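Me: I would like to go through this structure slowly, one point at a time, with each term explained when it comes up. Could we begin with the charged side chains and then move on to the rings and the core?

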Amino acid sequence: MNLADLSTIQNLLAKTGFSFQKSLGQNFLIDPGVCPAMAEAACDERTGVLEIGPGIGVLTAELAKRAKKVVAVELDRRLARILPVTLAECDNVEILYDDVMKLDLKALLSERFSDCERVAVCANLPYYLTSPIVMKLLEERLPLYAITVMVQKEAAERLCAEIGTREAGAVSVAVSYYAEPHILFTVDRTSFLPPPKVDSAVIQLTVRPEPPVTVRDEKQFFQFVKCCFAQRRKTLVNTVSNTAGLGKERIKAALADLDLPDTVRSEQLTLEQLARLCDILYEEH
């Protein structure tokens, strides 16, 4: 079955009575070049792949051609009428109808991919769940080699922004702490059915064996980072004073220890500087 052919997909959806649900962020890929490129970047014959939100199986079929095994987690149980048809020729694919945000992913990976040399995630993520899913995958420190996902272009630029630049934010810091992020290529909105209102991009997060910086308390560090980027138009001194409740003189003294001026903004600090600043500010607490 040619899942990149628009008329084939429309006929299949009509036969099964399937309708798109906007609340689930359902936009199915129909561009014949996108899914093969994603699959090539994500895996090889040694790899077990966890796919999140297979939709009608366009990406799933391409992953199955290249990976040792594919386990796809789909929230919408209505697709159980479609996926057995579209993936009938894929004997290395397992579909789980569940909510990935509620699953014990560490146990799932251990049970399903014990015979694979490495494990990766590949997915076309719903825009409204991009950051929660990405952060769940990273924060749980799963035994993943890489995460290759398609997201809204604006989200891709934010997730992959270089720390210390204007584009970076709290989520950029968190991603760079756990992984090395790269934008692989962009995807036009006309590549989807129905077409979304914005373009997309495929990013790859190569998971780090260890974070590039050492922090005393990870939870405290990420709370501090959120405070730093909560008021982007203000200087770091004013922002952190307002959001973290720390005295301005104390913040200025910590910045001086790092040879940073009082006028510096959070977006100008590197990952290492943010980590050191947090440790200095909270070393007595």
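Reply: We can start with a network of salt bridges, a salt bridge being a side-chain nitrogen of Lys or Arg within 4 Å of a carboxyl oxygen of Asp or Glu. The residues linked in this network are Glu 40, Glu 62, Lys 65 and Arg 66. This is a predicted model, in which local features need pLDDT of at least 70 and side-chain atom pairs count only at pLDDT 80 or more, while totals for chains, interfaces and linings use all residues. Residues are numbered from 1 along each chain as its sequence is written, and side-chain values use heavy atoms, with hydrogens and water left out.

Me: How many salt bridges does a search of the whole structure find?

Reply: The rule for a salt bridge is the one already given, and the search with it covers the whole structure. The number found is 16.

Me: Which parts of the chain does the salt bridge between Arg 118 and Asp 44 link, and how many residues apart are they?

Reply: The side chains of Arg 118 and Asp 44 meet at 3.2 Å, N to O. Arg 118 belongs to strand E5 (residues 118-124), whereas Asp 44 sits in the loop between helix H2 (34-42) and strand E2 (47-52); helices (H or I, at least four residues) and strands (E, at least two) are DSSP runs, numbered from the N terminus. The pair therefore links distant parts of the chain, and its members are 74 residues apart.

Me: Is Asp 44 buried or exposed?

Reply: Buried means under 20% relative accessible area, exposed means over 50%, and partly exposed lies in between, with a 1.4 Å probe and protein chains only. Arg 118, at 21%, is partly exposed. Asp 44 has 19% relative accessibility, so Asp 44 counts as buried.

Me: Over the face of which residue does Arg 118 lie?

Reply: A charge sits over a ring if NZ of Lys or CZ of Arg is within 6 Å of the ring centre and within 35 degrees of the ring normal. Arg 118 is placed at 4.0 Å from the ring centre, and the residue whose face it lies over is Tyr 145.

Me: Why is the pair of Tyr 177 and Phe 221 called tilted?

Reply: Rings of Phe, Tyr and Trp (its six-membered ring) pair if their centres lie within 6.5 Å, and planes under 30 degrees apart count as stacked, over 60 as edge-to-face and the rest as tilted. By this rule there are 6 aromatic pairs. The centres of Tyr 177 and Phe 221 are 6.0 Å apart, and the pair is tilted because the planes stand at 40°.

Me: What kind of aromatic pair do Tyr 177 and Phe 222 form?

Reply: Tyr 177 lies in helix H8 and Phe 222 in helix H9, so this pair ties together parts that are 45 residues apart in sequence. With 5.2 Å centre to centre and 85° between the planes, the pair is edge-to-face.

Me: Which helix gives the most to the largest nonpolar core?

Reply: A nonpolar core is a set of buried Ala, Val, Leu, Ile, Met, Phe, Trp, Tyr and Cys residues joined through side-chain atoms within 4.5 Å. The largest has 70 residues, and those with the most contacts inside it include Leu 50, Leu 137 and Phe 221. With 8 residues, the helix that gives the most to this core is H12 (residues 271-282).
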